[in-house]
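Please open the structure in your viewer, show it as a ribbon, and keep the selection panel within reach. The tour below goes stop by stop, telling you what to select and what you should find there.

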Amino acid sequence: GARAQKSSRQDKGDRKGKRGESTEIFCASNMATIDSGIILMPLYALASWTAMLKLQPGSYEIYVAAIGWAWALLNTVLKGNFDLGVVTFAFVIAAYGIERRAGLTGGIKVFECIASVAVANNFALVIFLWKDLKIQLSSSKSPAWLNVFLVYCITFAVYWALVAARTYKRGESGYAVIY
């Protein structure tokens with residue numbers, strides 16, 4: 001939690017402490033709040049992996065990408081720093097959206113694979129730049145958040161690479177069946 005330190009001089013109203021001692025006061029009203037990302041990142045990862053493991057390829061990717069795109073857009077708008085996920089997730093949404101309209105063709109499958117690899121690379125970029133990013137982020141994020149974020153990025157780099165591989169192996173059988 002947040003702590004406020006009184007000066008080393010004896011203030012009026014102090015009940016304990018000797019002259020010259022430092023007294024710490026814990027302020028409940030200044031308690032650090034939990035960054036929502038520390039909870040949302042693992043939940044989003046869990047839901048995404050569950051969809052991959054339980055649902056047919058072609059049926060879930062657009063939803064996972066839509067959540068990622070919205071999150072990237074919020075990061076861009078609220079924090080004022082451009083999040084490349086706005087672009088890469090948009091490609092995934094477009095690719096899988098086209099499949100829903102036209103069916104799975106060779107060209108659409110290539111587009112889906114390239115879009116999925118682009119998202120995987122976006123997450124991998126964080127991993128490769130982690131040393132500098134960690135220093136930059138540590139001024140505003142807790143060590144726990146930093147650990148969750150790194151694992152989140154590793155998880156999604158692997159996830160989207162696997163989406164690309166699974167998509168590559170899919171047959172060109174027409175419209176993806178959505179239940």
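The stops that follow begin with the whole chain, go on to several helices and chosen residues in them, and end at a pocket.

**The whole chain**

Before selecting anything, keep in mind that this is a predicted model. Colour the protein chain by secondary structure, and you can pick out six helices and two strands, which follow the pattern β-β-α-α-α-α-α-α when read along the sequence. Of the 179 residues of the chain, 33% count as buried. Among the contacts with a separation of 6 or more, 66% are made by residues 24 or more positions apart.

**Helix α3**

Select residues 85-102, which form helix α3, a run of 18 residues. From its first C-alpha to its last this helix reaches 25 Å, close to the 26 Å expected at 1.5 Å a residue. Now show side chains for its buried residues, which include Val 86, Phe 89, Val 92, Tyr 96 and Arg 100. Which helices do the buried residues of α3 pack against? If you select them in turn, you will find α1 (37-54), α2 (61-79), α4 (106-128) and α6 (143-169). Following α3 comes Gly 103, whose phi is positive, near 90°.

**Helix α4 and three of its residues**

Go on to α4, where the 23 residues should span 33 Å at 1.5 Å a residue, and where the end C-alpha atoms, 32 Å apart, agree with that. The buried residues here include Ile 108, Cys 113, Val 119, Phe 123 and Val 126, and the buried residues of α4 pack against α3, α5 and α6.

Select Glu 112, which has its place in α4. Is Glu 112 buried or exposed? Glu 112 counts as buried because its relative accessibility is 0%. Leaving out residues up to four places away in sequence, Glu 112 touches Ala 95, Tyr 96, Glu 99, Leu 104, Thr 167 and Arg 170. Try drawing a distance from the C-alpha of Glu 112 to that of Ile 93, since these two, 19 residues apart in sequence, are 9.0 Å apart in space.

Next select Ala 115, also placed in α4, which counts as buried because its relative accessibility is 3%. With residues up to four places away in sequence left out, Ala 115 touches Thr 88, Phe 91, Val 92 and Ala 95. The C-alpha atoms of Ala 115 and Ala 90 are 8.6 Å apart, although the two residues are 25 apart in sequence.

The third stop in α4 is Ile 127, which counts as partly exposed because its relative accessibility is 30%. Setting aside neighbours within four places in sequence, you can look for the contacts of Ile 127 with Leu 150, Cys 153, Ile 154 and Ala 157. Between the C-alpha atoms of Ile 127 and Leu 150, which are 23 residues apart along the chain, the separation is 7.0 Å.

**Helix α6 and the nonpolar core**

Select α6, which has 27 residues and reaches 39 Å from its first C-alpha to its last, close to the 39 Å expected at 1.5 Å a residue. Its buried residues include Trp 145, Leu 146, Cys 153, Val 163 and Thr 167, and what covers the buried residues of α6 includes α1, α2, α3, α4 and α5.

Now show Phe 123, Phe 149, Tyr 152, Phe 156, Tyr 159 and Trp 160 together, for these are the residues with the most contacts inside the largest nonpolar core, which has 30 residues. The elements that give two or more residues to this core are α1, α2, α3, α4 and α6, and α6 gives the most, with ten residues. If you centre the view on Tyr 159, and again leave out residues up to four places away in sequence, you will find that it touches Ser 48, Trp 49, Met 52, Tyr 60 and Val 64.

**The largest pocket**

For the last stop, turn on a surface and select Asn 75, Lys 79, Asp 83, Leu 137 and Phe 149, which lie nearest the centre of the largest pocket among the 33 residues that line it. The volume of this pocket is about 1,100 Å³. Which helix supplies the largest share of the lining? It is α2, with seven residues, while α1, α2, α3, α4, α5 (130-137) and α6 each supply at least two. Colour the lining by class, and you will see 19 nonpolar, ten polar and four charged residues.

Definitions and conventions:
Residues are numbered from 1 along each chain as its sequence is written. This is a predicted model: local features need pLDDT of at least 70, side-chain atom pairs count only at pLDDT 80 or more; totals for chains, interfaces and linings use all residues. Side-chain values use heavy atoms; hydrogens and water are left out. Helices (H or I, at least four residues) and strands (E, at least two) are DSSP runs, numbered from the N terminus. The expected span of a helix is 1.5 Å times one less than its number of residues. Buried means under 20% relative accessible area, exposed over 50%, partly exposed in between (1.4 Å probe, protein chains only). Contact means heavy atoms within 4.5 Å. On a 1 Å grid over the protein atoms alone, a cavity is a set of points where a 1.4 Å probe fits but cannot get out, and a pocket is an open set with protein on both sides within 12 Å along at least five of seven lines; lining residues have an atom within 4 Å of a point. Grid points are joined across faces, edges and corners, and a volume is the space filled by probe spheres set on the points. Ala, Val, Leu, Ile, Met, Phe, Trp, Tyr, Cys and Pro count as nonpolar, Asp, Glu, Lys and Arg as charged, and the others, Gly among them, as polar. A nonpolar core is a set of buried Ala, Val, Leu, Ile, Met, Phe, Trp, Tyr and Cys residues joined through side-chain atoms within 4.5 Å.
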